[in-house]
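Subject: Structure for your review

Dear colleague,

Please find below the sequence and structure that I am handing over to you. I should be grateful if you would read the notes that follow with the structure open beside them.

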Amino acid sequence: MMRSCLRPIVLLVAVAVCLSALTVSAQTTPVSLFNGKDLTGWSHFLVDPKVPAADVWSVRDGVLICKGDPLGYIYTNAEYTSFTLVVEWRWAPGAAAKLGKNPNSGVLLRVNGEPKPKGVPRAYEAQLQAGSAGDLYGFWGMPLDGPADRKREAKGHELLGDMNGVRKIEGAEHAEGDWNTYEITLDGPSLVVFVNGKKLNEATASNVMPGRIALQSEGGEIHFRRVELTPIRK
């Protein structure tokens, strides 16, 4: 009698364990957004529509190369809300000297709305400008909050609209020409970033909404070799 009663309980426990395993698997299976061969799954926007995307973005030996001019970005065709995104990048050797200033780019998150004519869309940004990786921004009215001593704000900026930002705690970038790793977790209203294994910033109060992921062309040759997303399912 006792043995027959235990059988349904054991079965229920086994089913629960299997469902739990499936849930964890669904949450932790990474998706490569860049296939190492071409820009399948991506579209582009450039402020000069006469310039072909291939003149700005190319793939060589598994590396995605962005020349940095003109201003614009490539963006995923799919939209994502909450996720962890790992991006590996480096600045081309001599990029700063050639440009005469720190080269610039960014990882854009929850990109939404129509493209802006000057090239920076409504989105959140994990900054990639050399020396500033780890800074976080919300453009065109996208809210973002953080410690008062590290907050930045601008109203009616011609390129960024109403901008909210949170500066990084410290620097953690490698030398020009060496690879860096960004780990960006956008989970509901929370945005947390690590650079090369160091937690550099955390912001709150972001808009929770689906949007595209984008990589900027913003001045200076930059390379990417890993763009990998793990969805966070609620």
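What percentage of the residues in the chain is buried? Of the 234 residues, 44% are buried. Please bear in mind that this is a predicted model.

**The chain as a whole**

Two helices and 16 strands form the secondary structure of the chain. Among contacts with a separation of 6 or more, 67% join residues that are 24 or more positions apart. The chain exposes an area of about 11,700 Å², and 55% of that area comes from carbon and sulfur atoms.

**Tyr124**

I would ask you to look next at Tyr124, which belongs to strand 8, a strand covering residues 122-127. Why is Tyr124 classed as buried? Its relative accessible area is 0%, and a residue is called buried because its value falls under 20%.

Two polar groups of the backbone lie by the side chain of Tyr124. A polar atom of that side chain is 2.6 Å from the backbone oxygen of Pro143, and a polar atom of the side chain is 2.7 Å from the backbone nitrogen of Asn207. Setting aside residues up to four places away in sequence, Tyr124 also touches several others, including Val107, Leu108, Leu109, Tyr137, Met142 and Ala205. In addition, the C-alpha atom of Tyr124 is 10.0 Å from that of Ala214, although the two residues are 90 residues apart along the chain.

**Asn180**

The second residue to examine is Asn180, in strand 12, which runs over residues 180-187. Is Asn180 buried or exposed? Asn180 is buried, with a relative accessible area of 2%.

The side chain of Asn180 makes a polar contact with the side chain of Asn196, at 3.0 Å. A polar atom of the Asn180 side chain also lies 3.3 Å from the backbone oxygen of Asp178. Beyond its neighbours within four places in sequence, Asn180 is in contact with Val87, Glu88, Trp89, Arg90, Glu173, His174 and Asn196.

**The largest pocket**

Finally, please find the largest pocket, which holds about 210 Å³ of space. Its lining consists of 15 residues, and those closest to the centre of the pocket are Asn104, Glu125, Gln127, Leu160 and Glu218. What kinds of residue make up the lining of the largest pocket? Six are nonpolar, five are polar and four are charged.

Yours sincerely,
A colleague

Methods. Residues numbered from 1 in each chain as written. Predicted model: local features only at pLDDT ≥ 70, side-chain atom pairs only at ≥ 80, totals over all residues. Heavy atoms only, no water. Helix = DSSP H or I, 4+ residues; strand = E, 2+ residues; numbered from the N terminus. Buried < 20%, exposed > 50% of the residue type's maximum accessible area, 1.4 Å probe, protein only. Contact = heavy atoms within 4.5 Å. Areas by Shrake-Rupley, 256 points an atom, 1.4 Å probe, with all protein chains shown as cover. Polar contact = N/O pair within 3.5 Å; in protein donor to acceptor, adjacent residues only side chain to side chain. 1 Å grid on protein atoms, 1.4 Å probe; cavity = no way out; pocket = protein on both sides within 12 Å on 5 of 7 lines; lining within 4 Å. Points joined across faces, edges and corners; volume = space filled by probe spheres on them. Nonpolar A, V, L, I, M, F, W, Y, C, P; charged D, E, K, R; others polar.
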